[in-house]
Amino acid sequence: MPRGSKARYSSKQKRQARHIEKSAEKRGYSSKRAAQIGYATVNKQDGGGKKSGSGRGKRSTKVSSRAGGRASARSRRGGSRATHRS
């Protein structure tokens with residue numbers, strides 16, 4: 001299989017990558033770079049393609065999603081170190 005082929009990705013992984021790609025394009029990245037970001041994020045979460053036993057039994061991580069969610073919440077609070085005042 002040639003380098004860069006997406007044949008080993010499951011339909012769920014491809015769907016996730018497309019979703020991340022659309023988000024990256026909204027943030028101003030070119031479509032080519034956005035696609036790279038999408039698949040890089042899926043690779044980070046799942047450790048590569050999951051079809052036909054290539055990664056069976058390995059658990060997915062939510063590290064990238066968690067980082068994005070935390071950054072989003074941080075911006076809504078108003079800064080990286082928002083203090084609680086009574």
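**View 1. Lining of the largest pocket in the predicted model.** Eight names make up this view: Ile20, Ser23, Arg27, Ile37, Thr41, Ser64, Ser65 and Gly68 line the largest pocket. Three helices each give two or more residues to this lining: α1 (11–26), α2 (31–46) and α3 (63–77). The largest share, 3 residues, comes from α3.

**View 2. Volume and chemistry of the largest pocket.** The volume of the largest pocket is about 230 Å³. Rolling a probe the size of a water molecule over the atoms shows where empty space is left. By residue class, the lining holds 5 polar, 2 nonpolar and 1 charged.

**View 3. Packing of α2 with α3.** The axes of α2 and α3 lie 8 Å apart. The two helices pack at an angle of about 115°. On the α2 side, the residues are Thr41, Lys44 and Gln45. They meet Val63, Ser64 and Ser65 in α3. This contact between α2 and α3 comprises 4 polar residues, 1 nonpolar and 1 charged. Thr41, Ser64 and Ser65 also appear in the pocket lining of View 1.

**View 4. The helices in the setting of the protein chain.** The protein chain has 3 helices and 0 strands. Along the sequence, the pattern reads α-α-α. Of the 86 residues, 19% are buried. Take the contacts with a separation of 6 or more: residues 24 or more positions apart account for 43% of them. The accessible surface of the protein chain is about 6900 Å². Carbon and sulfur atoms hold 48% of that surface.

How values were computed:
Residues are numbered from 1 along each chain as its sequence is written. This is a predicted model: local features need pLDDT of at least 70, side-chain atom pairs count only at pLDDT 80 or more; totals for chains, interfaces and linings use all residues. Side-chain values use heavy atoms; hydrogens and water are left out. On a 1 Å grid over the protein atoms alone, a cavity is a set of points where a 1.4 Å probe fits but cannot get out, and a pocket is an open set with protein on both sides within 12 Å along at least five of seven lines; lining residues have an atom within 4 Å of a point. Grid points are joined across faces, edges and corners, and a volume is the space filled by probe spheres set on the points. Helices (H or I, at least four residues) and strands (E, at least two) are DSSP runs, numbered from the N terminus. Ala, Val, Leu, Ile, Met, Phe, Trp, Tyr, Cys and Pro count as nonpolar, Asp, Glu, Lys and Arg as charged, and the others, Gly among them, as polar. Axes are lines fitted to C-alpha atoms, for helices over the stretch in contact, and angles run from 0 to 180 degrees between N-to-C directions. Contact means heavy atoms within 4.5 Å. Buried means under 20% relative accessible area, exposed over 50%, partly exposed in between (1.4 Å probe, protein chains only). Accessible areas come from the Shrake-Rupley method with a 1.4 Å probe; for residues, only the protein chains shown count as cover.
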